[in-house]
Amino acid sequence: MTNSRARETTEAIERLYISMRHLFYRGFFKPAGVSGESIRSLLKTINPEIYGTMNVPNKLELDGLMYVLDRLPEGIEECAFIHLTSDEGFDKGSFEPIVPKKRRRNCYRIDEHQMNIEVLLGRSEIYDILTHLTFLFIEADKIRNLAFIQDENWKPTRAFKIIEEVVKGEKKFSRKEKEVALIHLSSLIGRTFDETLRAYNTFGDDDNPDRLFKIIYNLGRVSLEDAKQSREREIHFSAILKERVGHHYFGEKWAHKVKEVLFENNLHMRPLHIISANMHSVKNMLYANDALKKKDHKEVDYKLYGEISDKKELRDKVSKYALDQGLIYIDDKSGSNIDVQIIDLSKTDLKNTPFSQTKYSGDDVIMVFDYAFGEQAFEVMDELLRPFEHKGEVYMMKVKSVSIMGKAGILTGEKGDIMIPTSHIFEGTADNYPFENALKLDDFKDDELKAFEGTMITVLGTSLQNRDILSYFMNTSWKAIGLEMEGAHYQKAIQVASKIRHHIAPDLFVCYAYYASDNPLETGSTLSSGGLGLTGVKPTYLITLKILEKILQSGKKEISAKK
């Protein structure tokens, strides 16, 4: 049964992406139209774990709603018209950018009914947004069907009238009256009072305490307008966006800027170690002890890194010290949303770091760049590894290693555990990328954290996975240990550059490691249940430690990419 459901899910995911790509090139679609209903039907067939009770018609999915709204612009629930655009100069006007809480993208409220969302990260971002919007439309129509009597007049229920009263704010509610309103809200959305109260506190803040009421009201209102055909919802894709997607428009600009900075600082012919990771762990490991005057801290101080993560003044001190010591920071302006740090190891004092015993001697350069998103990983890595042309001369990048560190969903362990991939399997295709990982299971012997080694699945979207397909990947001969969105794309770019196009030397070594941000098979541990917080500090820095050890050791002896 599970294998049958896994096949059904795989087919639905493939059809969903084909449908989304078709609609993208068509240029628009209506969520309540034939195309929109087709996408909804496929998403309901998949029934992703992250969207919980989406398929239950009389119960609103609150955790999934919070997850989606954290990744979409504030106010989108009020808009019937959503335009996906490229970087088309909206910032030159008087529009204030709206940046979602959990996604680095600029959005603009054009008028009362329209929201524009800038898409700069390629197809994966388009699929991500459309999946979230489809879930939002399903929940909106659910609210409409629960809040209005379905006759020709669509008469609102008593509960919806009370919600509308709270939203309009014409009357000041006492605490007891607000609790009565929450009881009506909980009845409407099919949740217990306790669940609704918890969601009310989670969604709201001091500036907007009644945000949950407003979201429910506006989702239902806009859906009703569509049902009555007084204002039909539409999603548009701009001509400029269609023109740019798939052509490395932003990735090329990003990579060119990085190479320019390397050239300007006379670092372009040095041995180069590329790390895709966060913007803090490498910097903190190399500079934090001296920056914060922590002497003789030769061991890894996870508590200190947790404090830095928690306190802005400490982060600012470390950043200032690192820049004073020669770290070069590139604040990305290309549109790729990927900042870069460049560290010259010949100028870096390792005495007061966890690497004081390494006895490194070399002139290697470390380049750390921020996380890419899905297919964008191929774009930026492919462009970065290309030869650099300057004043008629062509320079080959002297890439010595590529390391990928990131968050991933784990199938065999718990939040905070570590995954060491031996291959990446690209979901929905016949593409697979086995490789020799310079990081091994033996590198991660720790009393507190567990580490797992094996196949990782590079998925088309983390928000599309359900229990059946994940169990299939884990329990069959695939023996997958986790899922993420960038690994196969990175490895494809590395193999193309090193083995086919010969842009870089073929004997580089690669390090891949992920820490578990969620376990999508475990109730209460999916991405919609919240982030890791400080629990993620130890695995993040342990992986960083091991990657830097491999890099520094390569200054003494060659780490072969072969067994």
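In this predicted model, F24, Y25 and F237 are joined into a cluster by ring pairs. In total, the structure contains 17 aromatic pairs. One of them is formed by Y249 and F250, an edge-to-face pair with 4.9 Å from centre to centre and 90 degrees between the planes. The two partners differ in how they are covered: Y249 is partly exposed because its relative accessibility is 34%, and F250 is buried because its relative accessible area is 5%, where the cut-off for buried is under 20%.

F263 and Y395 also pair; their ring centres lie 5.5 Å apart and their planes meet at 65 degrees, so this pair is edge-to-face, the angle being over 60 degrees. The pair connects distant parts of the chain, since F263 belongs to helix α10 (residues 249-264) and Y395 to strand β14 (residues 393-395), with the two positions 132 residues apart.

Two charged residues in helices have low accessibility. R40 is part of helix α2 (residues 34-46), and E139 is part of helix α4 (residues 123-147). R40 counts as buried because its relative accessibility is 6%. E139 is likewise buried, because its relative accessibility is 0%. Their polar partners are listed below.

| Residue | Partner | Distance |
|---|---|---|
| R40 side chain | D141 side chain | 2.4 Å |
| E139 side chain | E61 backbone nitrogen | 3.0 Å |

What surrounds R40, not counting residues up to four places away in sequence? R40 touches P31, A32, T134, F137, I138, D141 and R233. D141 is thus both a contact of R40 and the residue whose side chain makes the polar contact with the R40 side chain.

For E139, with neighbours within four places in sequence left aside, the contacts are M54, K59, L60 and E61. E61 appears here as a contact residue, and its backbone nitrogen is what the E139 side chain reaches.

On the surface, I183, F193 and L197 make up a nonpolar patch whose accessible area together is about 230 Å². F193 sits in helix α7, which covers residues 193-203. Is F193 buried, partly exposed or exposed? F193 is partly exposed, because its relative accessibility is 33%. That value meets the requirement for patch members, which is over 30% relative accessible area.

Methods. Residues are numbered from 1 along each chain as its sequence is written. This is a predicted model: local features need pLDDT of at least 70, side-chain atom pairs count only at pLDDT 80 or more; totals for chains, interfaces and linings use all residues. Side-chain values use heavy atoms; hydrogens and water are left out. Patches are made of residues with over 30% relative accessible area and no salt bridge: like charges are joined within 9 Å, nonpolar side chains (Val, Leu, Ile, Met, Phe, Trp, Tyr) within 5 Å. Accessible areas come from the Shrake-Rupley method with a 1.4 Å probe; for residues, only the protein chains shown count as cover. A salt bridge is a side-chain nitrogen of Lys or Arg within 4 Å of a carboxyl oxygen of Asp or Glu. Helices (H or I, at least four residues) and strands (E, at least two) are DSSP runs, numbered from the N terminus. Buried means under 20% relative accessible area, exposed over 50%, partly exposed in between (1.4 Å probe, protein chains only). A polar contact is a pair of N or O atoms within 3.5 Å; within protein, one must be able to donate a hydrogen and the other to accept it, and residues adjacent in sequence count only if both atoms are side-chain atoms. Contact means heavy atoms within 4.5 Å. Rings of Phe, Tyr and Trp (its six-membered ring) pair if their centres lie within 6.5 Å; planes under 30 degrees apart count as stacked, over 60 as edge-to-face and the rest as tilted.
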